[in-house]
Amino acid sequence: MRISVIGCGYLGAVHAAGMAELGHDVIGIDVDAQKIAALARAEAPFYEPGLPELLRAHRSRLLFTTDVAAARDARVHFIAVGTPQRHDSPAADTRFVDAAVDALLPYLAPGHLVVGKSTVPVGTAERLAARVRPTGARLVWNPEFLREGRAVDDTLHPDRLVYGVDGDDETSVALLDAVYAAPLAAGTPRMVTDLATAQLVKTAANAFLATKISFINAMAEVAEASGADVTQLADAIGLDARIGRAFLNAGLGFGGGCLPKDIRAFRARGDELGVGEALSFLGEVDSINLRRRTRVVDVLEHELGPLIGRRIAVLGLAFKPDSDDVRDSPALAVVQLLRERGAVVVATDPVAIETARLRDPLPTYVETVEQALDGAEAVVLATEWAEYRGLDPVVAGSGVANRLVVDARNALDVDRWREAGWVVRGLGRAHASRVEDPRSVQREPEHAAERQPDHV
Ligand code: UGA
């Protein structure tokens with residue numbers, strides 16, 4: 001089938017390539033000429049594992065252009081543009097979605113289907129459906145659940161497909177089933193709902209994930225105050241199938257282009273709908289999350305004293321591993337907070353240095369871990385890239401001026417690092433914060449007071 005994808009960012013470019021992999025002829029459209037030029041050369045304009053391979057493999061089925069008129073040849077049109085946070089409020093800015101649909105209207109005809117994938121405030125799809133209807137085309141809301149870093153696999157093998165339809169519309173359902181024939185044949189569950197439910201499914205899913213992360217980070221605060229270990233707590237409660245271990249990694253919290261802005265937009269929409277009270281807890285979810293960032297800096301200050309002039313290595317800039325996305329990145333926020341307190345920050349990341357530099361050109365970015373560690377008085381593990389998790393603490397210790405590491409993602413093997421002479425501070429891990437072996441505290445009760453977990 002010939003389809004168009006409007007918006008070729010983290011979502012749209014992967015969706016376009018994924019649809020080509022499913023056997024469709026795809027026209028990818030974006031207003032950003034540079035992005036389109038890269039995609040037309042079969043180059044991914046951002047880091048996403050597996051995407052360059054798909055673009056190269058399906059060159060003959062993928063056309064990228066800035067000209068929306070090219071969509072006239074397609075029958076199904078996916079809307080995959082961004083809905084960032086507004087500059088003047090926490091609500092979502094839906095201007096790009098509106099503009100994409102408006103630009104498409106002249107090329108729509110009876111039998112065409114507009115498929116919304118962008119994350120929008122509930123009520124947006126109904127408004128857009130009314131605009132599309134006079135053309136004879138129909139609109140379905142089909143939210144996207146892909147995760148950056150695993151976007152290709154999530155697109156080709158989704159957990160579920162949700163179609164929000166405008167009234168009774170079996171024709172559109174059948175058309176979308178034809179688009180997704182391969183994942184449906186592989187057994188992907190598919191749910192047909194009304195428009196409002198489909199939009200809410202996406203927002204509610206992201207709100208739940210954010211809440212789960214903030215819940216465990218709230219427990220991290222309690223663990224620090226009570227001498228417990230949040231990672232063991234997460235393992236133990238996660239064994240309860242009703243709770244589950246996924247998304248219970250305490251540390252620096254969530255960032256990226258989705259969860260932070262989505263919970264804010266959801267709250268704002270709740271206020272508009274008169275159900276603000278029902279979503280007020282999301283404000284707390286946001287606050288707990290943002291506190292993690294200052295917490296890392298406070299821990300460093302506790303260990304080193306005033307940070308003015310102190311050299312700190314920050315490992316990781318992306319909001320999560322396997323991505324070069326630094327939108328609302330907790331790692332980049334830590335870099336900025338450290339600089340505000342006068343530290344000399346040397347930061348690195350396997351792939352996100354350029355995107356970080358575009359967002360904030362001021363910090364010192366270096367290409368390698370060795371350069372970052374050279375002469376560092378403390379190290380912060382801010383994004384748990386596999387290569388940072390696997391660092392040899394003996395080798396890492398040879399370049400630094402002081403063996404102090406703040407494991408802000410609770411990703412390191414604490415015993416191994418301590419054996420190599422490092423002071424390891426975790427977040428929500430009283431034991432990982434101690435230099436001494438906790439067993440020795442029991443053997444030498446007279447020193448116990450000095451060796452109590454340090455509740456910074
Ligand atoms: C998120 C959702 O997981 C996707 O389902 C959704 O489709 C996407 O948003 C979207 O709306 O487009 P993504 O932003 O790619 O995906 O990243 P996640 O894997 O959800 O991670 C978000 C943040 O939470 C990262 O900063 C990560 O480091 C952090 N995180 C995740 C934790 O701090 N602890 C955890 O246990 C898990």
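Which residue in β11 is the bridge partner of V346? The partner is T364. The structure described here is a predicted model.

## Strands β10 and β11

V346 and its partner T364 belong to a short stretch of pairing. Strand β10 covers residues 344-348 and is joined to β11 by two bridges. The two strands run parallel.

## The sheet

Strands β10 and β11 are part of an open sheet of six strands with parallel pairing. The order across the sheet is β11-β10-β9-β12-β13-β14. Its edge strands are β11 (364-365) and β14 (423-426), and each of these pairs on one side only.

## Helices against the sheet

Helix α12, made of residues 281-304, lies across four strands: β9 (311-315), β12 (378-381), β13 (404-407) and β14. The helix runs at about 160° to β13.

Helix α13, made of residues 330-340, also packs on the sheet. This helix touches β9, β10 and β11, and its direction makes about 165° with that of β10.

## The surroundings of E144

E144 sits in another part of the chain, in the loop that connects β6 (138-141) with α6 (151-156). Is E144 buried or exposed? Its relative accessibility is 10%, so E144 counts as buried, the cut-off being under 20%.

The side chain of E144 makes a polar contact, at 3.3 Å, with the side chain of K117. A polar atom of the E144 side chain also lies 3.1 Å from the backbone nitrogen of L146. Apart from neighbours within four places in sequence, the residues in contact with E144 are L11, H15, K117 and K202. K117 thus appears both as a contact of E144 and as its polar partner.

Definitions and conventions: Residues numbered from 1 in each chain as written. Predicted model: local features only at pLDDT ≥ 70, side-chain atom pairs only at ≥ 80, totals over all residues. Heavy atoms only, no water. Buried < 20%, exposed > 50% of the residue type's maximum accessible area, 1.4 Å probe, protein only. Polar contact = N/O pair within 3.5 Å; in protein donor to acceptor, adjacent residues only side chain to side chain. Contact = heavy atoms within 4.5 Å. Pairing = 2+ DSSP bridges. Axes fitted to C-alpha atoms, helices over the stretch in contact; angles between N-to-C directions.
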